[in-house]
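These notebook entries record what I looked up, in the order in which I looked it up. The structure comes first.

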Amino acid sequence: MVSKTEETQLNRLENQVDNGGGGAWEYLCLVRKLKVRRSEKVLKHGLSILNDPKKRSALGPEEWTLYEQVAIAAMDCQCLDVAKDCIKVLQKKFPESKRVGRLNGMLLEAKGSWAEAEKAYSSLLEDNSLDQIIHKRRIAMAKAQGNISEAIELLNKYLEIFMADHEAWREQAELYVSLQMYKQAAFCYEELILSQPTVPLYHLAYADVLYTLGGLENLQTAKKYYASTIDLTGGKNTRALFGICLCISAIAQVSKGRNKEDKESPELQSLAATALEKDYKQRAANKLGLLTCSLRSLKN
Amino acid sequence: MAEDLVLDTAIRDWVLIPLSVVMVLIGILRYFVSKLMRSSQVPDPKIVKEGQVIVRARNLRAAANFIPPKSFRSRRVYFSNEENGLLFVPKGQAQNAQAQMFSDPNMAMDMMKKNLSMIIPQTLTFAWVNFFFSGFVAAKIPFPLTQRFRSMLQNGIDLSTVDVSYVSSRSWYFLNLFGLRGLFSLILGEENATDDTQRMMQMSGFGFDPSKQCATCYCAATIFCASDFCAAWVPDSYRNFSQCFSQDHQSLGAEKDGLDIVQHEWALPKFEHRAEAVLRKLTM
C-alpha cells in the first residue's frame, strides 16, 4: 500500500519526466521501490535510457535491473519484441540465472503458451520449492486462463506454507468474492484485519461481505465495521456512510416483529444521513434530490 | 609514580597506524573471501512454515480485539488444539536449540566455516603483533587504570613500576579488533562477516573456547567497548540467532502460551460511539 506522501512524490516525478524535465532514473527507481504498476510510462522512459548508450553506461551495474524492469513493463503492454530483446541481453550476461528463467516463463505466459510456461515454472520450482514469486506466477496463470477454482486451490496451498503473506490473503478474498463464496471471503478479510488493523479498506470490505451475507447477527457486525471505517477515515468515506444507513434499515426490517433494537447509537443513522447530504451538496449538488429521496425511503 | 614518559612519535608512525591499516585491510579481505565462499542455502520448508506460523500467531495475539469473538475463538482452537494445532508441540519433541543445531550437518559445516574464517586471521594477526611489536610501550591510555589490568595490557613490558596507563601494542590490537566494527559497517554495509564479536558471544555461550585468546578477548571486550557492544549486539545477535534458532520448538510453545492467555475483548462496539462523535463533529 502506497502512502499519500509517496503517491504525491511519484506523481510529481511523473509530471516532471513527462514534460521533459529529466529525472527518469529516479522515477524508475521509485516505481520499482513502491511496486506500482505504471507499465506504459516505465516502458517509454526505460527504453529512452536503454537506447542511449551514454546514459546506459552511466548506470553501471544497475543497468541489468533496468533491463528486467523494462522487460516486465513491455510484457504488460504486449510489446513482446522489446521484452524478448531485453531478456536476450540479460540471458547473455547471466546464463544460469533463476531470475532470467522466471522472465522467460513470464514471456511464455504473455504469448499465451500456457503449457510451456507451466513447464518452465515447474522446472524452476524443482530447484527451489520455496520461491514465492514463482508460486504466485502459477496462480496468476490459472486466473488468467479463467480457471478461478484452480487458482483458489493453488493459492490455498501457497497460504498453507506462507501464511503471513497478507497480499496473498487479499487476493484470496477477492477470488472468493468473485465466486460468491462469502463466508470464506469473510475469513480472509479477518486475516487481513488481524495483520493490519488500522487500514480502513479491510474493515470496509469485511463489512460489505457481512452485509451481503445477511442475517441479523451479520448485519449488526457489519454496522460495527462500517462505524470503525468511519472512525478510521474521519467520516470521509462515502461508502461507509451509505453502508451504515443501509445496515440500520436492513436490521430494522429483519427485526420488525421483535423488539430487539439496540440502543447503542440511536443517532447514528441521522448523523450519517446528514453527513452524506453535506458531502453531496459539496460535490454533486445535482444529485442531492435523488439522495434525499432514497434516504427517506430507507428510513421507512 | 606519575612521571610522564615521553613516547617517540616514531611509535605512532610505525606501530599504531600500520597496525590499524593492516587490520582494516584484513577485514576487507575477509569480507570478500566470505562472499566468495558463501554457499547458497536452500531454505528448509518446515522452518519457513514455522516462521510464518509464528508471525501469524503473533498478529492474532496483537489484533485479537478487532475481530468478532467467534472468529477469534475458532482461530485460537486452530492454533493450539491438542491434535493438530499448528503451535502444539508434544513434550518429547521440544529440543534444545544447540542439539538441533549440531544434528543438522549443513548448518554445522556453515558454522565451522564461519568460525574458521574468523579464528585464522585473528591468530595470525595476533602472532604477528606479538612477534614484531612487543617489548616496548606503545601508547598511553588517557584515563587511569587499576593494577589488575597490568598483566593484560602490559604484556611485553617487564617493568612493574611503569604506570598501568602505558600499554603495549597488544592492547592496541584488541582495541582495534573491537573498535573497527563500526568502521566496517560503514564501508562494507550491514551484513559483513567481520562481525566477530557477536560470533564470539555465541561461542562463549556454548562454553566453547577454541583459543585462549578468545577468553582474554571476552574480558577485553567488556572493558574497552562495553556500551558500543551491547547497543549493537542485541539486534545483531538477534538476527543471527534467528537464522539458526528461533524457528525451533521453544518459540512455538511460547507463542501458544501467549495465545492461551489472551482475553478477547471486542473493541468494535465502542467504535460505533466514536463514529458518532466523528460524524457529529463533521456535520456541526
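**Entry 1. The second largest cavity**

I began with the elements around the second largest cavity: α11 and α12 (182-195) of chain A, together with α2 (45-62) of chain B, each supply at least two residues of its lining. The model is a predicted one. Which element gives the largest share of this lining? I found that it is α12(A), with three residues.

I then listed the lining residues by chain. From chain A they are A:Met163, A:Ala164, A:His166, A:Trp169, A:Glu191, A:Leu194 and A:Ser195, and from chain B they are B:Arg56 and B:Asn59. By character, I noted four nonpolar, three polar and two charged residues in this lining. The volume of the second largest cavity is about 60 Å³. A search of the whole structure finds three cavities of 30 Å³ or more.

**Entry 2. The largest pocket**

I next turned to the largest pocket, which holds about 2000 Å³ of space. How many residues line the largest pocket, and which lie nearest its centre? The lining has 41 residues, and those nearest the centre are A:Lys35, A:Arg37, A:Ile72, A:Met106 and A:Arg137. I recorded the division of the lining as 21 nonpolar, four polar and 16 charged residues.

Several helices of chain A each supply at least two residues of this lining: α2 (24-34), α3 (39-50), α5 (63-76), α7 (98-111), α9 (132-144), α10 (148-161) and α11 (166-178).

**Entry 3. Domains of chain A**

I looked up the domain assignment of chain A, which gives domain 1 (1-95) and domain 2 (111-162). Taken over C-alpha atoms, the centres of domain 1 and domain 2 of chain A are separated by 26 Å. The lining of the largest pocket draws at least three residues from each of these two domains.

I also consulted the UniProt record. Its unreviewed entry carries the annotation "domain: EMC2 TPR-like" over residues 100-209 of chain A. In the model, residues 100-209 of chain A are 82% helix and 0% strand, and the end C-alpha atoms of the span lie 40 Å apart.

**Entry 4. One serine in chain A**

I checked A:Ser39, which has its place in helix α3 of chain A. Is A:Ser39 buried or exposed? Its relative accessibility is 13%, so I entered A:Ser39 as buried, the limit for that class being under 20%. A:Ser39 and A:Asn11 are 28 residues apart in sequence, and their C-alpha atoms are 14 Å apart in space.

**Entry 5. Chain B in outline**

I counted twelve helices and two strands in chain B. From the N terminus on, the order of elements is α-α-α-α-α-β-α-β-α-α-α-α-α-α. Chain B has 284 residues, of which 40% count as buried.

For chain B, the unreviewed UniProt entry lists residues 14-33 and 119-143 under "transmembrane region". I compared these spans with the model. Residues 14-33 of chain B are 100% helix and 0% strand, with end C-alpha atoms 28 Å apart. Residues 119-143 of chain B are 56% helix and 8% strand, with end C-alpha atoms 31 Å apart.

**Entry 6. Aromatic pairs**

I noted 15 aromatic pairs over all chains of the structure. One of them is stacked: the rings of B:Phe126 and B:Phe174 have centres 5.8 Å apart and planes at 25°, and planes under 30 degrees apart count as stacked. Why does this pair tie together parts that are 48 residues apart in sequence? It does so because B:Phe126 lies in helix α5 (residues 105-132) of chain B and B:Phe174 in helix α7 (residues 169-188) of chain B. I entered both B:Phe126 and B:Phe174 as buried.

B:Trp128 and B:Phe132 form an edge-to-face aromatic pair, with 6.3 Å from centre to centre and 65° between the planes. These two residues are four residues apart in helix α5 of chain B, so about one helical turn separates them. B:Trp128 has 28% relative accessibility and therefore counts as partly exposed. I closed with the cluster to which this pair belongs: B:Trp128, B:Phe131, B:Phe132 and B:Phe133 form one aromatic cluster.

How values were computed. Residues numbered from 1 in each chain as written. Chains lettered and ligands numbered in written order. Predicted model: local features only at pLDDT ≥ 70, side-chain atom pairs only at ≥ 80, totals over all residues. Heavy atoms only, no water. UniProt positions renumbered as here; feature names shortened; annotations may be inferred. Domains from an automatic or database assignment. 1 Å grid on protein atoms, 1.4 Å probe; cavity = no way out; pocket = protein on both sides within 12 Å on 5 of 7 lines; lining within 4 Å. Points joined across faces, edges and corners; volume = space filled by probe spheres on them. Nonpolar A, V, L, I, M, F, W, Y, C, P; charged D, E, K, R; others polar. Phe/Tyr/Trp six-rings, centres within 6.5 Å; stacked < 30°, edge-to-face > 60°. Buried < 20%, exposed > 50% of the residue type's maximum accessible area, 1.4 Å probe, protein only.
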